[in-house]
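Explain how the protein in this model meets its DNA. Start with one strand, then turn to how the protein chains relate.

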2 protein chains.
Amino acid sequence: MATVQFSTKDKILGAAEELFAAHGFAGTSLRQVTSRADVNIAAVNYHFGSKENLVNEVFRRRMDQMSAQRSAQLKRALAEHPGEIEPIIAAFVEPALDMAGGRAGSGAFVRVIARAYVEKNDALRKFLSDQYGHVPREFAAALATCLPALGKAELYGRLDFLAGALTYAMADFGLIKRPPGTTEHAHRTRIADELIRFAAAGFRA
Amino acid sequence: MATVQFSTKDKILGAAEELFAAHGFAGTSLRQVTSRADVNIAAVNYHFGSKENLVNEVFRRRMDQMSAQRSAQLKRALAEHPGEIEPIIAAFVEPALDMAGGRAGSGAFVRVIARAYVEKNDALRKFLSDQYGHVPREFAAALATCLPALGKAELYGRLDFLAGALTYAMADFGLIKRPPGTTEHAHRTRIADELIRFAAAGFRA
DNA sequence: GTCTATACGTGGATAGAC
DNA sequence: GTCTATCCACGTATAGAC
């Protein structure tokens, strides 16, 4: 059984992911990253070109994963529960929940995703739209068959409301605190269930 | 008629607000701020202690304004439309809309607030919570009388969903594009109306 | 191709003179 | 209250070793 060899690039990505999750992007220096990864400070610029590009790469890995989960779960929802709204919304919400709860710095990776929108970087937003734009389109199409009375603009608008509520809740921005005696995962699952109910009613309005 | 005298402190605040709105606070250096304000670089640390504290002060002015508008509009809603949900939600949503559309860099202010959360600026988050936490509590109390079946936890959770959807929509994060031929303000007003309908249905779920 | 040592310019912050 | 001078950490760039 061969020992796994981590390349310098992978070590940087792993260390950056952990530190970004714990302290945010502005709060993490490249010197912290390279120190934790046990590589030279110059390696990050050699492999990634800039800090911004490193952030993008860390972000892209998670986004690929979440988008794939969303598409797969949507496909299952349409096959197993045709005509129902809740399973479609669940397919949008739950993969984000998995990502948020999957590690110690809870909610951090939703923050990582949210950053892409906060940055007013038009090139990055175009990249995201080109790369992942098909996913919201799939959801809009799926919801349109359940809600024929809604126009395309209304549908996209409400998907935005859902995405905003989801991001905010999963990133721990809000008022809700986890009750003592419940696990982090149970708490997030409960929030997700409530969001699905809330949004389903909103879409039907 | 006396010429208005701007103190060094006010000149810094004014310059900082413009630059933060345009480039975000990570993208704005204190040297840019003090250069535009035509004051010495050390003045900002003398008057505000740190860049972080300056950020707090700049946003406190706007947040005071928005929170006061929300409270006032909530009071009117309860007096004029007792027992109705939509006017309560409107009292939460519409002051944010005013703030988002009130200046050239549309959505810039909301975006900067969102950035504070994304960047995991815990000090700013605590500051916002301490200073303005009473406002969501007022809204929760108002909604509780309309929706006696909802528990306190559910109520706070749904207010978080509303706040997230609102922030996301006002900061232009989402899919919706302003249709050609409509003004920025008309577009935001339309989004606000749709959010109020969406959220009212969600609260009733 | 990879990686390291090192240097450059800019950032926020501070001490002390006035 | 305000300014000059200075400090140290930061992101980045480059020359050269392996």
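**The surface around strand D**

In this predicted model, DNA strand D is surrounded by 14 residues, the closest being A:Leu30, A:Arg31, A:Lys51, B:Asn40 and B:His47. A residue is near a strand if one of its heavy atoms lies within 4 Å of it. Of the atoms of DNA strand D that come within 4 Å of the protein, 57% belong to sugar and phosphate.

Which elements supply this surface? At least two residues each come from α2 (30-37) and α3 (41-48) of chain A and from α3 (41-48) of chain B. Helices are DSSP runs (H or I, at least four residues), numbered from the N terminus. By class, the surface near DNA strand D has five nonpolar, seven polar and two charged residues. Here Ala, Val, Leu, Ile, Met, Phe, Trp, Tyr, Cys and Pro count as nonpolar, Asp, Glu, Lys and Arg as charged, and the others, Gly among them, as polar.

Now the phosphates. A backbone N or O atom of A:Leu30 sits 2.7 Å from a phosphate oxygen of DNA strand D. For a polar backbone atom of A:Lys51, the distance to a phosphate oxygen of the strand is 2.8 Å. B:Thr8 uses its side chain: one of its N or O atoms is 3.1 Å from a phosphate oxygen of DNA strand D.

**Two copies**

A turn of 179 degrees and a shift of 0.4 Å along the axis lay chain B on chain A with an RMSD of 0.9 Å, by least squares on the C-alpha atoms of residues with pLDDT of at least 70 in both. That is the relation of a two-fold axis. Both copies use the same surface: 100% of the contact residues of chain B (heavy atoms within 4.5 Å) recur in chain A.

Residues are numbered from 1 along each chain as its sequence is written, chains are lettered from A and ligands numbered from 1 in the order in which they are written. Local features need pLDDT of at least 70, side-chain atom pairs count only at pLDDT 80 or more, totals for chains, interfaces and linings use all residues, and side-chain values use heavy atoms, with hydrogens and water left out.

Note on methods:
A polar contact is a pair of N or O atoms within 3.5 Å; within protein, one must be able to donate a hydrogen and the other to accept it, and residues adjacent in sequence count only if both atoms are side-chain atoms.
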